[in-house]
Amino acid sequence: MKFTGKKETVSSGKPNESTEDEDMRMSKDAKLYKGLEELNEEKIKVLMEAADQEPEFSKEHDAKMRQMVEERFGPEAAEKMSEIQMTRQKADDDEKRTKQNGKLYQIYPRFKKIAAAILIVFMLGAITMSTEAFRVPIVNFIMNFQKEFMGVSVEHSETMVDESEKETIEEIYSLKKKIEGYELFEEIIEPRLVIRRYKNQRQQKYKFTQQPEALTSWFDNEDTGYESVDMIYGKALFNDNDKIYYLTWFYDGYIFEISGELTKEEMISLAESLYFKEATEEGVNE
Amino acid sequence: MMKKILSLMLCLALLFTISSPVYAEEVEDNNEYMEEEYQMEGTPSLLRWSNISSATAGLSVTGGTAYSAMTVQAYSKVTTIVVYTYIQKKVNGVWTNIYQGIDKINDDYIWTSRSTTSGVAKGYTYRLRGRIYAYVGTTYELVTIYSSEKSY
């Protein structure tokens, strides 16, 4: 069997292949393996770079966070946060200045060698010092920032009826009202989660959820506006998050939430039609 | 002579750089997630919380069973959500995975409910670690969330 060099086919692996064919096949296999390895390495590199990336926050985000912290934790907490933000800003400025110093050296490459060497020693020393002095606070700040604020752990309401933290849903609640034009299309009743989802003909949706209080909620804070709302259950939290609106409140040891493309008034109206529908173990008890 | 001085100074400079302090983070979670990310199809995005609007995570441990619940509301542009549920136990100060589950939906909303008895014992602290992949087309962002910690 002779290889013509024109028709390239994947080797069949038949036992009567010549050594030449086998060599060709092995060469192809080797190329394939090499190509695959390169692909893998490239993908791993992209993933590693993504994993190493540290978050950066815009000034708008900082301002929003300050406003949110002031509303939720008071002016003292907001002031403290501003101090941290200023420290971070100063650290960023110092880092930029250090980089600019590095550029200066590139602009004047003809300095005497000895002067250049001394400059390098001082510059590297400065970089080392700035890394030591500021990197840790920045890293700590970002970590604390993420822990404390990226995840908004919803807290107890002052007017909450039951102080005990429930871990399962013992009483199922429902809403008497429904927004006109919307129909229930999904209902999930789990020991730790009750979800009712509604949609209209234009495929717009809203949902009502009931979850035990032992819950951590996370929001996209950068695009979220917060507002405290007075309801018959006490204070509720209204979030405007890029056309998705949330109304969250506490009652009877549970966290209730209505979310979707509804107005604040519609949400409050729905929320105030909350009623105790049934007990999970004892049957319907309206 | 000049070369020697320069070399010495450069050596010193290099030593300065190398000897800058390295701060090791407190070891909390030694579990390997690279394999999980490697299995994901598409291109990772460096952005965070650009595809996901909100998420909730809850964990309870009772009667020798750990129960987890998670919800994710993404923006309407999101086509697929993949959620990895990890129930973790703190052993000697290190979070160890005792359960792993995966849920996927072609929608902008997903909920998950999982439970395990494996590895659950009294005297430990538990938490839920959720890793959410939200796709817009073939590009995805990854967001990690946690429940509060539960002592059992």
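A salt bridge is here a side-chain nitrogen of Lys or Arg within 4 Å of a carboxyl oxygen of Asp or Glu. Arg131(B) and Glu37(B) satisfy this criterion, their side chains meeting at 2.8 Å from N to O. Arg131(B) belongs to strand S7 (residues 125-136) of chain B and Glu37(B) to helix H2 (residues 34-39) of chain B, so that the pair links distant parts of the chain, 94 residues apart. Both Arg131(B) and Glu37(B) are buried. The structure discussed in this report is a predicted model.

**Salt bridges**

Over all chains, the search of the whole structure returns 10 salt bridges. Three of the pairs are listed below.

| Basic residue | Acidic residue | N to O distance |
|---|---|---|
| Lys178(A) | Glu183(A) | 3.4 Å |
| Lys264(A) | Glu227(A) | 2.5 Å |
| Arg131(B) | Glu37(B) | 2.8 Å |

In the second row, Lys264(A) lies in helix H5 of chain A and Glu227(A) in strand S6 (residues 224-231) of chain A, so this salt bridge ties together parts that are 37 residues apart in sequence. Lys264(A) is partly exposed, with a relative accessible area of 22%, and Glu227(A) is partly exposed at 34%. Lys178(A) likewise counts as partly exposed, at 42%. In addition, Glu186(A), Arg197(A), Lys205(A) and Asp107(B) are joined into one network by salt bridges that share partners.

**Chain A**

Chain A contains 5 helices and 11 strands. Of its 286 residues, 38% count as buried. The accessible surface of chain A is about 18,200 Å², and carbon and sulfur atoms contribute 52% of that area. Among contacts in chain A with a separation of 6 or more, 54% involve residues 24 or more positions apart.

How many residues of strand S9 (residues 254-260) of chain A are buried? The count is 7 of the 7, so S9(A) is largely enclosed by the rest of the structure. In a regular strand, side chains alternate between the two faces of the sheet. Tyr254(A), Phe256(A), Ile258(A) and Gly260(A) point one way from S9(A), whereas Ile255(A), Glu257(A) and Ser259(A) point the other way, and all are buried.

S9(A) pairs in the antiparallel sense with strand S4 (residues 205-212) of chain A over 7 bridges; within this pairing, Gln211(A) has Ile255(A) as its bridge partner. Strand S8 (residues 244-251) of chain A also pairs with S9(A) in the antiparallel sense over 7 bridges, and here Leu247(A) stands opposite Ile258(A). The hairpin of S8(A) and S9(A) has 2 residues between the strands, and Asp252(A) in this hairpin takes a positive phi near 55°.

Helix H5 (residues 264-271) of chain A has buried residues at Met267(A), Ile268(A), Leu270(A) and Ala271(A). These residues cover an arc of only 160° around the axis, which puts them on the same side of H5(A).

**A sheet shared by chains A and B**

An open sheet of 4 strands runs in the order S5(A)-S2(B)-S3(B)-S6(B), with antiparallel pairing. Strand S5 (216-219) of chain A and strand S6 (109-116) of chain B stand at the edges with a single partner strand each, so one side of each has no neighbour in the sheet. From one strand to the next, the twist averages 10°. Strands S2 (residues 52-62) and S3 (residues 65-74) of chain B are joined by 10 bridges, and Ala57(B) has Met70(B) in S3(B) as its bridge partner.

**Surroundings of Thr43(B)**

Thr43(B) lies in strand S1 (residues 43-44) of chain B and is partly exposed, at 43% relative accessibility. Beyond residues up to four places away in sequence, Thr43(B) touches Thr138(B), Thr139(B) and Tyr140(B). The C-alpha atoms of Thr43(B) and Tyr135(B) are separated by 9.3 Å, although these residues are 92 residues apart along the chain.

Key
Residues numbered from 1 in each chain as written. Chains lettered and ligands numbered in written order. Predicted model: local features only at pLDDT ≥ 70, side-chain atom pairs only at ≥ 80, totals over all residues. Heavy atoms only, no water. Pairing = 2+ DSSP bridges. Axes fitted to C-alpha atoms, helices over the stretch in contact; angles between N-to-C directions. Buried < 20%, exposed > 50% of the residue type's maximum accessible area, 1.4 Å probe, protein only. Contact = heavy atoms within 4.5 Å. Areas by Shrake-Rupley, 256 points an atom, 1.4 Å probe, with all protein chains shown as cover. Arc of directions from axis to C-beta.
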